[in-house]
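Here are my notes for you on this one. Have the viewer open while you read, and tick off each point as you find it.

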Amino acid sequence: MNGVKDLKYSSTRGGGAKAASAEAIIQGLAADGGLFVPEEMPAVDLDFIAEFSRLSYEERAARILGLFLTDYTAEELAGCISRAYGGGKFDDVRIAPVRMLKDFPILELWHGPTSAFKDMALQLLPQLLQTALKKTGERAEILILVATSGDTGKAALEGFADVDRIKILVFYPTGGVSKIQNLQMCTQKGKNVCVVAVEGNFDDAQNGVKEIFSDKAFCDKLAARNVKLSSANSINWGRLVPQIVYYFSAYADLVEKGAIQAGEEIDFCVPTGNFGDILAGYYAKRMGLPVAQLVCASNSNNVLTDFLQTGVYDKKRDFYKTISPSMDILISSNLERLLYHETNDAAQIKDWMRQLASEGRYEVGAAVLQKLKETFWAGWVDDAATKATIREVYAKEHYVLDTHSAVAYRVAQAYKKDTGSKRPLVVVSTASPYKFNESVLDALGAAREGLDEFSLLDKLASLNESPIPQGLASLKDAAILHKTTCEKTAMRAMAENFAKK
Ligand SMILES: *Cc1c(COP(=O)(O)O)cnc(C)c1O
């Protein structure tokens, strides 16, 4: 093992000061608008990986986090990890179990409190942030602002609820989230949480939050009251690093099950939106995990498929609302980190990101594209093929995939066919099918007319072997605690009022 003693983080765009990980996690974004990246890549050997088979998920997390967050003590990390993954908050003690189907092993990342993979990172980020505040002597209170189209809002609320010195305010669009997602957020408990519905769509909510962040006068006013704004979205290093763990964990589980030999190369196929999940797999590979290819799976919003095939990133295209909504994204923020690591050229990254902002497009050229293709393969599927896959896998395996995981499954099949790869491939599964029960029941051909949300859950449960997750089942009797609605123009006032409380 080759740990780096005092690992520092710098901006993908070359500006600003280097930061220890605690500062990078507090800041979220680097001062020049770039993303924080580690200056060196910790390397591990096969002994390090082989040992994982004997460790619990929490111990695995401690090993990986210790390599990246070198300014945290082992005790601090252990405390953060046990508050995140312990205490029965996950409904499977293995936290991220691998399920062996006939065609592919499935890495299930949805056993956390909100039934989507966002929990893997958003249970841990608040703990890392709170510890960072203590470590750095930061005296401000933090106000986390989130605009959500569904999964992130609830996962962030669950993660930050009752975390000291941090408050969280979530804005969701009135018409933009599912009934279940709405209930999940509006029933959230915790003395430091606030949930507000914004009249409008997701863009309205997101633009409103962006405006608050860039309103200097407003931020100064908050600062005078000792409050700092921060964000929980997936560009924060504290959200990315927890995700590296489960690639190692899955590999160790496959070795333990005898499905692969230690040292054997495998592939992962990842349903991708903001490029955070798959990027964590890239870090794992760069550290020395025997990963050959990372397969990037998209829905009809296939900007990444085009990019990884042609080297042209072009967001000027139609936007589709699909049945895998958490992947309905045209700007994949974390791609910036990948490009930085592949080029080591911050000036170039800065220029590409400037082009993306001003012209909606950039092109990386043949040499960089070639390097990307050595690691990444990309494909996409539409809603019809997604549903067909859910149906097919259910018929063959009696296993119910959610829509996002089905996208990955289908792309994984295409990848095998196209490349002839014989390597074992793990399909990364990012949500419980219960979370997207309408589309899943449609796919399975089950009639759902006239059924309310909870009857739909019951109906799906009658087809699925695994039970309805507790967090969803308990919504039925949970009290509605958040009823506030506001105009888009009133979001700032909402933030100000909440900050005062
Ligand atoms: C967020 C999310 C994704 C996409 O992950 P990225 O890290 O943004 O690429 C995929 N599936 C589900 C269910 C999600 O919630």
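1. Let's start with a term. A cavity is a set of grid points where a 1.4 Å probe fits but cannot get out. Keep in mind that this is a predicted model. With that meaning of the word, the largest cavity here has a volume of about 40 Å³. How many cavities of 30 Å³ or more are there? The count comes to one.

2. Now look at what lines the largest cavity. The lining includes Thr 272, Gly 273, Ser 298, Asn 299 and Asn 301, and Val 303, Leu 304, Met 327, Ile 329 and Ser 332 belong to it too. Sorted by class, that lining has four nonpolar residues, six polar ones and no charged ones. Hold on to Gly 273, as the name comes back in the next point.

3. On to the ligand. It is surrounded by 15 residues, and the closest are Lys 118, Gly 273, Asn 274, Asp 277 and Thr 430. So Gly 273, part of the cavity lining, also turns up in this shell. By class, the shell has five nonpolar, seven polar and three charged residues.

4. Which parts of the protein come up to the oxygen atoms of the ligand? In Lys 118, an N or O atom of the side chain is 2.6 Å from a ligand oxygen. For Asp 151, a polar side-chain atom lies 2.9 Å from an oxygen of the ligand. Gly 273 uses a polar backbone atom instead, 2.7 Å from a ligand oxygen. On its own the ligand has 380 Å² of accessible area, and the protein covers 96% of that.

5. There is a pocket to check as well. The second largest pocket has a volume of about 460 Å³. It is lined by 22 residues, and Pro 113, Lys 154, Glu 158, Gly 471 and Ser 474 are the closest to its centre. Helix 7 (151-160) and helix 21 (470-473) each give at least two residues to this lining. In terms of class, the lining has seven nonpolar, 10 polar and five charged residues.

6. Last, zoom out to the whole protein chain. You should find 22 helices and 15 strands. Along its principal axes, the C-alpha trace spans about 60 × 55 × 45 Å. Why call the chain a compact globule? Because a compact globule of 501 residues would have a radius of gyration near 23 Å, and the chain's 22 Å agrees with that.

Notes
Residues numbered from 1 in each chain as written. Predicted model: local features only at pLDDT ≥ 70, side-chain atom pairs only at ≥ 80, totals over all residues. Heavy atoms only, no water. Near = heavy atom within 4 Å. Polar contact = N/O pair within 3.5 Å; in protein donor to acceptor, adjacent residues only side chain to side chain. Areas by Shrake-Rupley, 256 points an atom, 1.4 Å probe, with all protein chains shown as cover. Nonpolar A, V, L, I, M, F, W, Y, C, P; charged D, E, K, R; others polar. 1 Å grid on protein atoms, 1.4 Å probe; cavity = no way out; pocket = protein on both sides within 12 Å on 5 of 7 lines; lining within 4 Å. Points joined across faces, edges and corners; volume = space filled by probe spheres on them. Helix = DSSP H or I, 4+ residues; strand = E, 2+ residues; numbered from the N terminus. Rg over C-alpha atoms; globule rule 2.2 N^0.38 Å.
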